[in-house]
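Reader: I'm used to gels and assays, and a model on a screen is a bit new to me. Could you walk me through how to read one?

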Amino acid sequence: MEHSILQLFPDSRRCFWQQTAQAQQSVQEIRLRIHRPIVVHREGREWFLGEDGSFTKDLGKACCATAEELEGTLQHICQYSLYAFEDEIRQGFITVRGGHRVGIAGQAVPAGDGSLRLIKNISYMNIRISHEVRGAADKILDKVYGRGRLKNVLLISPPGCGKTTLLRDLIRQVSDGNRHGEGMTVGVVDERSELAGTFCGIAQNDLGMRTDVLDACPKALGMLLLLRSMSPQVIAIDELGSREELAHLRSASACGCRILATVHGENLEDVRRRFGTGENWEGLFDIFFVLGKREGRCEVAEAWEREQDGE
């Protein structure tokens with residue numbers, strides 16, 4: 001399998017992880033916690049791994065992660081040179097080939113200026129498996145265009161409902177062009193390397209032929225840089241989270257850019273409680289999609305279009 005998750009583990013442990021690798025298409029996360037059961041999130045459900053690497057619901061048969069397991073996995077991921085990955089470790093995650101992301105936690109060591117100098121004694125790892133679902137945006141594509149023009153889109157979603165997967169495919173289809181509109185130049189600020197899954201400067205996920213990616217850059221700063229340097233027709237960001245980011249989206253919109261964005265929330269009211277009510281921020285967007293789950297499957301639970309002037 002291309003970009004198999006077996007690449008994440010030392011040769012001596014690949015037999016143990018073989019069954020998880022075979023189920024890779026249905027695996028969302030692998031959680032390693034020192035002296036705690038190994039947990040795999042698969043198809044929205046939690047599984048433990050037994051001593052032979054098989055899936056089990058029986059906690060009594062669960063295999064616990066050892067200090068050696070975490071140390072060996074981290075060393076392997078960092079190509080046996082933690083120093084070379086110092087900046088990524090300081091950010092709390094490492095992106096690997098295939099776009100998979102390894103989150104880490106342990107003992108934080110602050111610097112004198114209040115920033116984080118390093119993370120040591122790493123005792124927790126969250127391996128998030130990257131999934132490209134081509135066609136994921138098909139179900140909303142006819143709604144995000146009006147009269148041949150791309151609308152400003154906000155995807156609202158609680159964790160684990162597929163918002164990043166949906167945004168990724170929407171970016172691809174807008175960039176490449178589709179039956180509703182011609183291809184457009186898209187600028188992506190990928191602060192946490194989740195959309196493009198950039199590894200060694202190269203996007204591991206397909207975001208389209210007309211897409212430019214600014215990786216591992218704060219969203220507010222990244223939007224300014226892309227507007228100055230890459231002349232995007234569309235700006236795309238994942239996990240809108242601050243008023244500063246909203247202000248820069250407003251600037252992008254004033255420059256004529258279309259906007260594709262996601263935000264954490266159960267519904268539109270939840271987002272309003274965070275950012276306030278009124279046209280101050282809602283006016284940036286033409287259409288809102290609320291994502292949810294039904295019987296373990298991600299779906300668009302609701303779509304709401306803002307009334308346009310003159311309509």
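Author: Sure, we'll take confidence, then open and closed spaces, then a few single residues.

Reader: What should I look at before anything else?

Author: Start with the kind of model: this one is predicted. Where pLDDT is low, the predicted coordinates should not be read in detail. Here the protein chain has an average pLDDT of 91, and 96% of the residues score at least 70.

Reader: Where in the protein chain is confidence lowest, and where is it highest?

Author: The low end is helix α9 (residues 279-282), with a mean of 77. At the high end sits strand β13 (residues 234-237), at 98.

Reader: On to the holes, then. What is the volume of the largest pocket, and how many residues line it?

Author: A pocket is open, while a cavity is a space that the probe cannot get out of. The largest pocket comes to about 1,300 Å³. Its lining has 41 residues, and Q28, G160, G162, T165 and C298 are the ones nearest the centre.

Reader: Which element gives the most to that lining?

Author: That's α5, with 5 residues. Elements that each supply at least two residues include α5 (163-176), β1 (27-33) and β16 (297-305). By class, the lining of the largest pocket splits into 10 nonpolar, 15 polar and 16 charged residues.

Reader: And what does the second largest pocket look like, by volume and lining?

Author: Its volume is about 420 Å³. It is lined by 17 residues, with E88, F93, S193, D215 and A216 closest to the centre. Both α3 (86-91) and β5 (93-95) supply at least two residues each. The classes here are 7 nonpolar, 5 polar and 5 charged.

Reader: Now the closed spaces. How many cavities of 30 Å³ or more turn up in the whole structure?

Author: The search finds 2. The largest cavity holds about 80 Å³, and the second largest holds about 40 Å³.

Reader: What kinds of residue line them?

Author: For the largest cavity, the count is 7 charged, 2 nonpolar and no polar residues. Among those residues are V189, R192, E194, L195 and K219. The second largest cavity has 6 charged residues, 1 polar and 1 nonpolar. Its lining includes E132, R134, T165, R168 and D206.

Reader: Let's zoom in. How do I read a single residue, say N205: buried or exposed?

Author: Ask how much of it is accessible, then what it touches. N205 has a relative accessible area of 6%, which is under the 20% cut-off, so it counts as buried. It lies in the loop between β11 (186-190) and β12 (211-215).

Reader: Which residues does N205 touch?

Author: Not counting residues up to four places away in sequence, its contacts are G98, S130, E132, R168, E194, L195, A196 and G197. With L195 there is a polar link too: a polar atom of the N205 side chain is 3.1 Å from the backbone oxygen of L195. E194 and L195 also appear in the lining of the largest cavity, while E132 and R168 appear in that of the second largest.

Reader: What about T95 in strand β5? Where does it make contacts?

Author: T95 is buried, at 11% relative accessible area. Apart from neighbours within four places in sequence, it is in contact with H100, R101, S193, G197, T198 and F199.

Reader: S193 keeps coming up. What is its phi?

Author: Most residues other than glycine have a negative phi. S193 has a positive value, near 60 degrees. It lies in the loop between β11 and β12, and it is buried at 3% relative accessibility.

Reader: Which phi does S231 have, and is S231 buried or exposed?

Author: Its phi is positive as well, about 50 degrees, and it is not a glycine. S231 sits in the loop between α6 (219-229) and β13. With a relative accessible area of 57%, S231 is exposed.

Reader: Last one: how far apart are K139 and E299 in sequence and in space?

Author: Sequence distance and spatial distance are worth checking separately. K139 and E299 are 160 residues apart in sequence, and their C-alpha atoms are 9.3 Å apart. K139 belongs to helix α4 (residues 138-141) and is partly exposed, at 47%. Leaving out neighbours within four places in sequence, K139 contacts L166, C298 and V300. Of these, C298 is one of the residues nearest the centre of the largest pocket.

Note on methods: Residues numbered from 1 in each chain as written. Heavy atoms only, no water. 1 Å grid on protein atoms, 1.4 Å probe; cavity = no way out; pocket = protein on both sides within 12 Å on 5 of 7 lines; lining within 4 Å. Points joined across faces, edges and corners; volume = space filled by probe spheres on them. Nonpolar A, V, L, I, M, F, W, Y, C, P; charged D, E, K, R; others polar. pLDDT = per-residue confidence, 0-100. Helix = DSSP H or I, 4+ residues; strand = E, 2+ residues; numbered from the N terminus. Buried < 20%, exposed > 50% of the residue type's maximum accessible area, 1.4 Å probe, protein only. Polar contact = N/O pair within 3.5 Å; in protein donor to acceptor, adjacent residues only side chain to side chain. Contact = heavy atoms within 4.5 Å.
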